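Work through the exercises below with the model in view. Try each task before reading its solution.

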Amino acid sequence: MNQEQLKTWIEDNLDWYECSEDYSEPGYSKDEGKELIFFANWNGIDEDIMEQIEENFMVEWSDEWYQCCDCGKSIRTQADCYHWQPYYHMFNECEPVCFDCISENAGLQETLLKDFIIKGNEIDIDKDSVNFRLLQINDFELEDHGFKVLNQDHYENGFHPGQDDDPKTILKNLDVSFLESNQFLFKQSEQSQFYMKFDLYSKPIN
Ligand SMILES: [Zn+2]
């Protein structure tokens with residue numbers, strides 16, 4: 001079968017599939033000569049047909065991938081190595097958008113920040129109410145959104161001695177009036193197998 005016939009075969013024979021023109025996932029690219037990526041549950045497909053599909057298209061498992069709601073490119077949802085991290089943010093609990101799109105879109109960034117911001121006047125440090133989420137997107141300049149970094153040296157948390165910085169303790173040690181009049185964000189600055197580094201950003205609550 002040629003490519004068009006194969007596409008028709010996929011359409012007619014698979015209960016469900018997705019198609020995407022490229023990867024947004026870091027480290028992935030289409031093989032030369034292949035224009036499309038198909039996502040499906042490939043179990044049970046006739047071997048001969050499967051071979052032809054694989055010769056013509058990139059083939060992935062649909063339960064391991066999303067398509068970005070903005071650009072349509074593909075992002076992994078399942079780890080494929082120990083240091084894998086999602087390259088997307090899930091908006092409204094069902095709309096994955098890849099980091100490439102987010103880094104180009106200030107409006108999306110504003111929306112995303114709302115999921116990470118800790119409002120100093122809404123937390124009760126003593127009652128363990130810090131809902132700590134770490135922003136992990138590179139090239140995301142919080143300064144563009146009115147935030148300022150507070151620490152001089154990166155905070156560190158990991159296996160090595162002394163790498164025990166804890167977001168809750170960090171907030172707890174802030175001046176109370178400063179805490180109550182600001183909103184905060186923790187952003188990862190480095191991730192390795194054994195530790196991570198992060199920074200604390202603040203912006204006054206207006
Ligand atoms: Zn995208």
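**Exercise 1: cysteines and metal**

The structure holds zero disulfides, a disulfide being a pair of cysteine sulfur atoms within 2.5 Å. This is a predicted model, in which local features need pLDDT of at least 70 and side-chain atom pairs count only at pLDDT 80 or more, while totals for chains, interfaces and linings use all residues. Residues are numbered from 1 along each chain as its sequence is written, and side-chain values use heavy atoms, with hydrogens and water left out.

Task: find which residues coordinate the zinc ion and state the arrangement of the donor atoms.

Solution.
1. Donors are N, O and S atoms within 2.8 Å of the metal (3.2 Å for Na, K and Ca); water is not among the atoms, so sites may look incomplete.
2. The SG atoms of Cys68, Cys71, Cys98 and Cys101 coordinate the zinc ion at 2.3 Å.
3. Along the sequence, these donor residues follow the spacing C-x2-C-x26-C-x2-C.
4. Cys68, in the loop between strand S4 (65-67) and S5, and Cys101, in helix H3 (residues 99-103), are 33 residues apart, and the pair links distant parts of the chain. Helices (H or I, at least four residues) and strands (E, at least two) are DSSP runs, numbered from the N terminus.
5. The four donor atoms subtend angles of 103 to 116° around the zinc ion, so the arrangement is tetrahedral (four donors, all angles between 85 and 135 degrees).

**Exercise 2: accessibility**

Task: sort Cys68, Cys71, Cys101 and Tyr82 into buried, partly exposed or exposed.

Solution.
1. Buried means under 20% relative accessible area, exposed over 50%, and partly exposed in between (1.4 Å probe, protein chains only).
2. Cys68 has a relative accessible area of 4%, so Cys68 is buried.
3. Cys101, at 8%, is also buried.
4. Cys71 has 36% relative accessibility and is therefore partly exposed.
5. Tyr82 reaches 59% and counts as exposed. Tyr82 lies in the loop between strand S5 (74-76) and strand S6 (88-91).

**Exercise 3: the sides of a helix**

Task: which residues of helix H1 (residues 3-13) are buried, and where do they lie around the axis?

Solution.
1. Leu6, Trp9 and Ile10 are buried in H1.
2. These residues cover an arc of only 100° around the axis (taken from the directions from the helix axis to the C-beta atoms), so they are on the same side of H1.
3. Glu11 and Asp12 are exposed on the other side of H1.
4. The buried residues of H1 pack against strand S1 (17-20), strand S2 (37-40) and helix H2 (47-56), where contact means heavy atoms within 4.5 Å.

Terms used
Four donors count as tetrahedral if all angles lie between 85 and 135 degrees; four count as square planar and six as octahedral if opposite donors are over 155 degrees apart and all others between 65 and 115; anything else is irregular.
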